[in-house]
Amino acid sequence: MTRMFVAVIPPDEVLDDLEAFLEPRRGEVPFRWTDPEQWHLTLAFSRDVPERSYDDLVDRLARAARKRSPIEARIVGGGAFPNVGRAKIIYAGVETDREELRRMATGARAAVSKAGAEVDGQRFTPHLTLARINKPVEATRFVQLLDAYAGPSWTVAEIALVASYLGEGPRNRARHEVVETFSLGRAGSGPVPDDAPPRGR
């Protein structure tokens, strides 16, 4: 069993711009900040993907990706889960073709489920998790700071299958490893070969 998720991973220049905005503001609040190298937009998540399901999952994700089209996106503003008054997660928002992104998520979740893995059933809300908070806090002021942010745009041209290994990263956090990437649209013929240049982080 392997913990895995399917995600859109913004390119380095997009993540660097967001990091430059957040860095001087981090000391103002007692949040547990996520590693910028792991910022991503989750489309589907499974806590346990059986090893026997992996090849089928890869094939299904490749087919799902071919049915979708590349879209323009940028990171804009943010919010808090479950709400700003009792925030436990601070996130950055995403400005894009939300219907096409929703279809990407639906296709990714269907691929995971049909391959024999259980999918996290939470409602899809496009976001990048920036920080987690042990006890709920009032986060209106920080979310208002995020409202001033609008990052550079990029073309979402692929999705990634990522393995997540709990406790193997710095400070006993999760280590993420991109194991496959899939091009969007009819040009995508399947997983990107291992010797292809990396995208994102």
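**Exercise 1. The order of the elements**

In what order do the elements of the protein run from the N terminus on? Work it out on the predicted model shown above.

*Solution.* Start with the inventory: the protein has four helices and nine strands. Now walk along the chain from the N terminus, and the order reads β-α-β-β-α-β-β-α-β-α-β-β-β. Next, look at the overall build. The radius of gyration is 17 Å, close to the 17 Å that the globule rule gives for 201 residues, so the protein is as compact as a globular protein of that length. Along the principal axes, the C-alpha atoms fill a box of roughly 45 × 35 × 30 Å.

**Exercise 2. Contacts, surface and charge**

Describe how the chain packs against itself and what its surface and charges look like.

*Solution.* Begin with the contacts that have a separation of 6 or more: 77% of them are between residues 24 or more positions apart. Then turn to burial, where 44% of the 201 residues count as buried. The accessible surface comes to about 10800 Å², and carbon and sulfur atoms account for 46% of it. Finally, count the charges: there are 29 positive and 29 negative side chains, with the centres of the two sets 7 Å apart.

**Exercise 3. Into the nonpolar core**

Find the residues that touch the most other members of the largest nonpolar core, then follow one of them outwards.

*Solution.* A general idea helps first: in soluble globular proteins, nonpolar side chains tend to be buried together. Here the largest nonpolar core has 54 residues, and Val6, Leu43, Leu57, Ile90 and Ile159 touch the most other members. Helix α3 (residues 98-114) gives the most to this core, with six residues. Apart from this core lies another, of five residues, including Phe5, Ala7, Phe45 and Ala160.

Now take Val6. Beyond its neighbours within four places in sequence, Val6 is in contact with residues that include Leu41, Leu43, Leu61, Ala108, Val112 and Ile159.

Ile159 is a good next stop, as it sits in strand β8 (residues 158-165). Among the contacts of Ile159, again leaving aside neighbours within four places in sequence, are Val6, Leu43, Ala65, Met104, Glu180 and Phe182. For Glu180, 21 residues along the chain from Ile159, the two C-alpha atoms are separated by 8.6 Å.

**Exercise 4. Buried or exposed?**

Sort Met1, Ser53 and Ile159: is each one buried or exposed?

*Solution.* Use two cut-offs: buried means under 20% relative accessible area, and exposed means over 50%.

- Met1 has a relative accessible area of 68%, so Met1 is exposed.
- Ser53 has 4% relative accessibility, so Ser53 counts as buried.
- Ile159 has a relative accessible area of 5%, so Ile159 is buried.

Then add the surroundings. Met1 belongs to the segment before β1 (2-8), and it touches Asp48, Val49 and Pro50, not counting residues up to four places away in sequence. Pro36 is 35 residues from Met1 along the chain, and their C-alpha atoms are separated by 26 Å. Ser53 is placed in the loop between β3 (41-49) and α2 (54-66). With residues up to four places away in sequence not counted, Ser53 touches Ala115 and Gly116.

**Exercise 5. A peptide bond to check**

Which form does the peptide bond from Phe81 to Pro82 take, cis or trans?

*Solution.* First locate Pro82: this residue is in the loop between β4 (71-81) and β5 (87-96). Then read the omega angle of the bond from Phe81 to Pro82, which is near -5 degrees; the bond is cis.

Methods: Residues numbered from 1 in each chain as written. Predicted model: local features only at pLDDT ≥ 70, side-chain atom pairs only at ≥ 80, totals over all residues. Heavy atoms only, no water. Helix = DSSP H or I, 4+ residues; strand = E, 2+ residues; numbered from the N terminus. Rg over C-alpha atoms; globule rule 2.2 N^0.38 Å. Buried < 20%, exposed > 50% of the residue type's maximum accessible area, 1.4 Å probe, protein only. Contact = heavy atoms within 4.5 Å. Areas by Shrake-Rupley, 256 points an atom, 1.4 Å probe, with all protein chains shown as cover. Lys, Arg positive; Asp, Glu negative; His and termini not counted. Charge placed at Lys NZ, Arg CZ, Asp CG, Glu CD. Core = buried A, V, L, I, M, F, W, Y, C linked by side-chain atoms within 4.5 Å.
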